[in-house]
Amino acid sequence: MNTPDYSTLFEPVKIGPVTAPNRFYQVPHCTGMGYTHPMTLAAMREVKAEGGWGVVNTEYCSIHPTSDDTPYPHCTLWDAQDVRNMAAMTERVHAHGALAGVELWHGGRRSSNLHSRHAPLGVESLPTSNDPWQSRRMDRQDIENLRAWHKAAAARALQAGFDIVYVYAAHTYLLAQFLDGDGSGTAQPLIERGQLLRDLLQETRDATQGKCGVAIRIEVDNEDTSTTARDDLLLSLSPFTDLFDVTVSDYAQEMGVSRFVEAASFEQRIGHVRQLTGKPVVGVGRFTSPDTMLAQVRRGVLDFIGAARPSIADPFLPAKIRDGRSDEIRECIGCNICYAGDGHGVPIRCTQNPAMGEEWRRGWHPETVPACHAKETVLVVGSGPAGLEASHILSRRGYTVLLAEAEEELGGRVRREATLPGLSEWIRVRDYRVNQLNTHAAVSIYLASNMTADDIAATGADHVMLATGSHWRRDGRGRTTNVALQGLQETAVLTPDDILAGDRPDGPVIVYDDDNYYMGSAIAELLASKGNAVTYITPSTMVASWSTLTTEQPQVHQRLAELGVTIVLNRSISSFSGDELELACTYTGSKSRITCSNVVPVTSREPNDGLWQALKERPNVQRIGDCNAPGIIAQAVYDGHRAARELGSAETGITVKRERVCL
Ligand code: ADP
Ligand code: SF4
């Protein structure tokens, strides 16, 4: 078979006065690191440049203390110290021949300014995103100040070594608020409201002395303005900008999870910008296939293949395409766990790439691992995400690996969960690792091998990793109730494992979600789509509440509503009689009853740690993944990776390097 010619993707492209070495463009994306983690950030961005991304951008970078998004981590270019902070990143990006870009940002009324305690600024005086206070209505002087701050930050960006400087007019932040007007209905035409952007673009060019590419990040559609008005705006901005970084107005679409949004799905909405403006265009679309990338460039949709998530899941994606190793790409699964780090205010993590965010603090590299400490054999029991990742890394380190799996197929929970509605891309967690294992000679895989403690001893392996997973509890114990719920051991109770194994309730069913991530709603969706009358009950205030962190919560609620699922919030189950459930209000404790004979409790999981209990006194045995502590897939992958990387080393994973001033 001929290797496709991807050389077009590796052509240099000019962005005003600077030239990107290729078309791979890591768009600005949040990292949960920001100004408090400059070394963590620099090392992470460096790995992207090393992996072949021709342009590597910062996350949102505040221009002034009136734009403070605490507790969400963001960069800052407020002063000389920030210049040093950000230079740490540009130096490392430049070391690999890539361009460094900075997304100058003012949050306007979206920023609560919790840390700086300045009054938020806004076109109107309206509430901030999350807090019970409002913005100050900006006057002419405020606008002058904004321009001066932006200009000064652009000058600092040049000092810090950036090659591309953004004017950021998207995602409902201040400049997008200007485009939206003051909501009075008497606003100026859009093109006139764009004057501030034209001023900022010109002033950014002036401040950077014509040495930097000037980019604008902007939405190319908007439900409140006509396509013609948007296009006229883009045309008016064109002479002032070197690059359009285009997005769509619906954030849940732009960075939608794979459960609800397909890859490369924005072409219809952004495809006209390049021709309209005559300027280079970058856009995203969770691209992981080089053929799709090439097609977008060839069709004239994009000049640059924009990526946040694909560059997180595989910082070496461009290098792998360049070197004819596309089959080794660790493809993003579209789960948005990376985004949850920012919401939690902690450094980014990724389901597919366990080294993400650990480049500096643990010294992990996504593509290289230390050689094994001795020519020894490791038995891994269980082939879910933890066992597969551990086997992959151990074999890469040079250990001889025996991988035993009770089932007839590899993949553990991922194999089953990827069959849930919308989650098919999650199978990439298994596929990437199985592909890798197939290239390692020193791995022996034993399917249909349900190992006992004696079997394990008989292998004579030097080390044993128990990756035996977990199973969903049947008795309703969980976050809300830590004792078994009365009656929930009845036969009419099916666990998520039963459903995933193909069991189906007959007739109406209650899905009780005390887990709050995807499992409860996905089971509800599955059963509703198969014709069961489903009632979804949760003690939480909203459906799948944890998934606000992955952006998908509104889509989950909408999907259940569309399917006719009855949604009951703020109720916990207190008992089950076999055909009737007693519910308690989370706030008042008041009781109500609901008739139903089928219940699926999605509450918590029990580690499958029987082998661990039998073997824990023996040397060189450890438990990993869900067997160690049940969690999300990202944690299982991470734990398998950690255990495999640290085997035979003094590292324990317990010490976490933090950024502090060293005197
Ligand atoms: P994790 O998320 O920690 O990787 P999973 O639940 O996805 O865990 O996978 C655990 C895997 O371990 C399952 O595929 C299961 O069949 C397998 N397993 C459990 N017990 C044994 C055993 N005694 N011998 C072999 N495989 C086992
Ligand atoms: Fe993709 Fe999920 Fe990794 Fe984010 S966390 S980059 S969505 S695989």
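How closely do the axes of helix 6 and helix 7 approach, and at what angle do they cross? In this predicted model, local features need pLDDT of at least 70 and side-chain atom pairs count only at pLDDT 80 or more, while totals for chains, interfaces and linings use all residues. Residues are numbered from 1 along each chain as its sequence is written, chains are lettered from A and ligands numbered from 1 in the order in which they are written, and side-chain values use heavy atoms, with hydrogens and water left out.

The axes of helix 6 (residues 195-207) and helix 7 (residues 227-237) come within 10 Å and cross at roughly 25 degrees. Helix 6 is therefore roughly parallel to helix 7, a label given to angles under 35 degrees (over 145 is roughly antiparallel, 65 to 115 roughly perpendicular and the rest oblique). Axes here are lines fitted to C-alpha atoms, for helices over the stretch in contact, with angles from 0 to 180 degrees between N-to-C directions. Helices (H or I, at least four residues) and strands (E, at least two) are DSSP runs, numbered from the N terminus. The crossing of helix 6 and helix 7 is right-handed; that is, the near helix is turned clockwise from the far one by less than a right angle, whereas anticlockwise gives a left-handed crossing.

Two further helix pairs can be described in the same terms. Helix 1 (residues 38-50) and helix 2 (residues 80-94) have axes that come within 8 Å and cross at roughly 20 degrees, which makes helix 1 roughly parallel to helix 2. Their crossing is right-handed. For helix 15 and helix 17 (residues 428-439), the axes come within 9 Å and cross at roughly 30 degrees, so these two helices are roughly parallel to each other. Helix 15 passes helix 17 in a left-handed crossing.

Helix 15 also leads to the ligand. Ligand 1 is surrounded by 23 residues (each with a heavy atom within 4 Å of it), and the closest are A386, E405, R413, M451 and D626. Polar contacts, pairs of N or O atoms within 3.5 Å, include an oxygen atom of ligand 1 at 2.5 Å from an N or O atom in the side chain of E405. Backbone partners appear as well: an oxygen atom of the ligand lies 2.8 Å from a polar backbone atom of A386, and one lies 3.1 Å from a polar backbone atom of P385. Taken alone, ligand 1 exposes 580 Å², of which the protein buries 91% (Shrake-Rupley method, 1.4 Å probe). Helix 15 (385-397) and helix 16 (412-417) are the elements that give two or more residues to this shell.

Some backbone details in the loops are also worth a look. A cis peptide bond joins T70 and P71, with omega about 15 degrees, and P71 sits in the loop between strand 4 (55-62) and strand 5 (75-76). A448, a residue other than glycine, has a positive phi near 50 degrees; its place is the loop between strand 16 (443-446) and helix 18 (453-459).

Conventions. A polar contact is a pair of N or O atoms within 3.5 Å; within protein, one must be able to donate a hydrogen and the other to accept it, and residues adjacent in sequence count only if both atoms are side-chain atoms.
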